Amino acid sequence: MTAINAPEPVKLKKKDFDAGIDVRWCPGCGDYSILANIQKFLPTLGRAKEEFAFISGIGCSSRFPYYMNTYGFHSIHGRAPAFATGLKSYRPDLSVWVVTGDGDGFSIGGNHLLHAMRRNVDLNILLFNNRIYGLTKGQYSPTSEVGKVTSSTPMGSIDSPLRPLSVVLGAEATFVARVTDTDAKLMQNILQQAYEHKGTSFIEIYQNCNVFNDGAFVNLTKGDVKRDAQLILEEGKPMIFGKERNKGLIFQDGKPAVATIGENGVSEDDIIVHNPSDPDPTLAFRLARMDPPDFPVAMGILRKVERPTYDDAITQQVIDAKKASPDKTIHDLLHSGDTWEVK
């Protein structure tokens, strides 16, 4: 039975979300893949272009709204989450997306990003992480590795890098995922679940900068190492990986460890089953911090839990305040209380 007054799905195609202007990213930049995936994904939702808004800060990634045929706002450095929070609070009907880079989101805008997570605003945040400042010609960023030689660190960076997923999990993020710019299938799956999630979804996208940090993630993405270097997380399934599909994560001394199925008495039944909805974030935190060569890098949805959202709460407060107020019109408000005459 069809619901009365249910809106008809809007039939659009990928090209309908293309702004039709020259894209000014460097040839070969990973941003192209992310843009194409978003433009391919949005038509599947059956919503009008006017119901989407993309908001960015500053950086290569933040040119994104120009290339989308939706509403968009290229805001100021690091402040995209603040602008997006304001928009979503006033227009909860919109699907609001934030596009940010590792420098924009975790250096200049670190404070704003944390509070979006803490508040659980119903936003979708895409972090383009290429571990470099590309727009300003290749300075090291908050996610660059120790020893990174750049124009601003000619002797190598001595800063310990931030781990974006550890940071957002610490800020109580309710949806946390990671994917590479070259894995279109996994990215489409994550985008769908992020869109359906009520609250802040945070997706870290490992993205190549072929001019200033080429090959930053090649140890994860090359065809001959990918299956040993990545653990693709699937809800309700054991965490198995490897070319031979014979490696997996087990608990050892209370911590995840890599084991080979069939060796030392380890069977598939011993492999940890992925549960992103576990209210305890401990395992998600450990998954977020796994690195080669001892561990594979966890890809997919690490955490997906429910919590009240900021925009719902503020909407309810406005409703309650109106009900409780004796002033029902602007006229009532302007003529209530004490007044003064300025002379």
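Which side chain meets that of K198 in a salt bridge? The partner is D312, with 3.7 Å from N to O, where a salt bridge is a side-chain nitrogen of Lys or Arg within 4 Å of a carboxyl oxygen of Asp or Glu. This is a predicted model, in which local features need pLDDT of at least 70 and side-chain atom pairs count only at pLDDT 80 or more, while totals for chains, interfaces and linings use all residues. Residues are numbered from 1 along each chain as its sequence is written, and side-chain values use heavy atoms, leaving out hydrogens and water.

**Salt bridges**
- The pair of K198 and D312 links distant parts of the chain, 114 residues apart, with K198 in the loop between α6 and β6 (201-206) and D312 in helix α10 (residues 310-324); helices (H or I, at least four residues) and strands (E, at least two) are DSSP runs, numbered from the N terminus.
- K198 and D312 also belong to a network of salt bridges that includes K88 and D122.
- By the rule given above, the count comes to 11 salt bridges, among them the one between R47 and E51, at 2.7 Å from N to O.
- R47 is buried, with a relative accessible area of 18%, whereas E51 is partly exposed at 30% (buried means under 20% relative accessible area, exposed over 50%, partly exposed in between, with a 1.4 Å probe and protein chains only).

**The surroundings of D181**
- D181 lies in the loop between β5 (175-180) and α6 (184-196).
- Although D181 is buried, D181 has no salt bridge, and the nearest side chain of opposite charge, K226, is 9.6 Å away (Lys and Arg count as positive, Asp and Glu as negative, and His and the chain ends are not counted).
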